[in-house]
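Subject: Structure handover

Hi,

Here is the structure I said I would pass on. Have a look at it first, and then read on for what I found in it.

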Amino acid sequence: MSGRRRVSSSGTRSSQRAVIAEVVREQFEQELQLEAESSPWHPCRQMVHHMVGSVVFNAFVTMLIFMSVGLLIVEVNVEAARNEPPVWLRPLNFAVLFLYVGELGAKIYAWRAKFFKDAY
């Protein structure tokens, strides 16, 4: 056995993670810069393209879908009981519709004709 001892502390691990995160962020920014310099796209379209392709945006849209399903369940239960729908239901349905149309518009703007060709 060698005389080396393995010393690991949470401080060095967190500093290593911070260094790795910084390197990854710098590489990502360099790739974006290179893409911006070589791309014929308008910078606004590039920004929208990165936004609609991000994990956060997709998570938001998924949450919006689940919320829409919940609103649909409330609406069906209220109508089945022949009661008046709550006052907040209609404006919330319009807000969800507005966000869906915004998502659709952003994706069409970013992807153009590819939006209609891609099955996803």
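To start with, what share of the 120 residues in the chain is buried? The answer is 13%. Please keep in mind that this is a predicted model.

On the overall layout, the chain has 5 helices and 0 strands, so the pattern along the sequence reads α-α-α-α-α. Of the contacts with a separation of 6 or more, 56% are between residues 24 or more positions apart. The chain exposes about 10100 Å², and carbon and sulfur atoms supply 64% of that area.

**The core**

The largest nonpolar core has 6 residues, namely Val 48, Val 52, Phe 57, Val 61, Ala 106 and Ala 110. H2, H3 and H4 are the elements that give two or more residues to it. As a general point, nonpolar side chains in soluble globular proteins tend to be buried together.

Ala 106 is a good place to zoom in. This residue sits in helix H4 and counts as buried because its relative accessibility is 14%, and the cut-off is under 20%. Leaving out residues up to four places away in sequence, Ala 106 touches Val 48, Met 51 and Val 52. The C-alpha atoms of Ala 106 and His 49 are 8.0 Å apart, although these positions lie 57 residues apart along the chain.

Phe 57 is another core member worth clicking on. Its contacts, neighbours within four places in sequence aside, are Met 51, Val 52, Glu 103 and Lys 107.

**Helices H3 and H4**

H3 runs over residues 55–80. With 26 residues, H3 reaches 37 Å from its first C-alpha to its last, close to the 38 Å expected at 1.5 Å a residue. Its buried residues are Phe 57, Val 61, Leu 64, Leu 71 and Val 78, and what covers them includes helix H2 (43–52) and H4. Just after H3 comes Arg 82, with a positive phi of about 55°.

H4 covers residues 89–111. H4 has 23 residues and reaches 33 Å between its first and last C-alpha, close to the expected 33 Å at 1.5 Å a residue. Buried here are Leu 89, Val 96, Glu 103, Ala 106, Lys 107 and Ala 110, and these residues pack against H2, H3 and helix H5 (114–117). Arg 112 follows H4, and its phi is positive too, near 50°.

**Salt bridges**

How many salt bridges does the structure hold? There are 2.

One joins Glu 103 and Lys 107, at 3.0 Å from N to O. Both Glu 103 and Lys 107 are buried. They are 4 residues apart in helix H4, which means that about one helical turn separates them. Phe 57 is in contact with Glu 103 and Lys 107, as noted above.

The other joins Glu 22 and Arg 25, with the closest N and O atoms 2.4 Å apart. These two are 3 residues apart in helix H1 (residues 10–38), so they are also separated by about one helical turn. Glu 22 is partly exposed, at 32% relative accessibility, and Arg 25 is partly exposed as well, with a relative accessible area of 39%.

The general rule behind such spacings is that an α-helix has 3.6 residues a turn, so residues three or four places apart point the same way.

**A nonpolar patch on the surface**

Which residues form the nonpolar patch on the surface? They are Phe 60, Met 63, Phe 98 and Leu 99, with about 410 Å² of accessible area together. Helices H3 and H4 are the elements that give two or more residues to the patch. Phe 60 lies in H3 and is partly exposed, because its relative accessible area of 37% falls between the 20% and 50% cut-offs.

H3 and H4 therefore turn up on both counts, giving two or more residues to the core and to the surface patch.

Cheers

Note on methods: Residues numbered from 1 in each chain as written. Predicted model: local features only at pLDDT ≥ 70, side-chain atom pairs only at ≥ 80, totals over all residues. Heavy atoms only, no water. Patch = residues over 30% accessible without salt bridge, like charges linked within 9 Å, V, L, I, M, F, W, Y side chains within 5 Å. Areas by Shrake-Rupley, 256 points an atom, 1.4 Å probe, with all protein chains shown as cover. Salt bridge = Lys/Arg side-chain N within 4 Å of Asp/Glu carboxyl O. Buried < 20%, exposed > 50% of the residue type's maximum accessible area, 1.4 Å probe, protein only. Expected span 1.5 Å × (residues − 1). Contact = heavy atoms within 4.5 Å. Core = buried A, V, L, I, M, F, W, Y, C linked by side-chain atoms within 4.5 Å.
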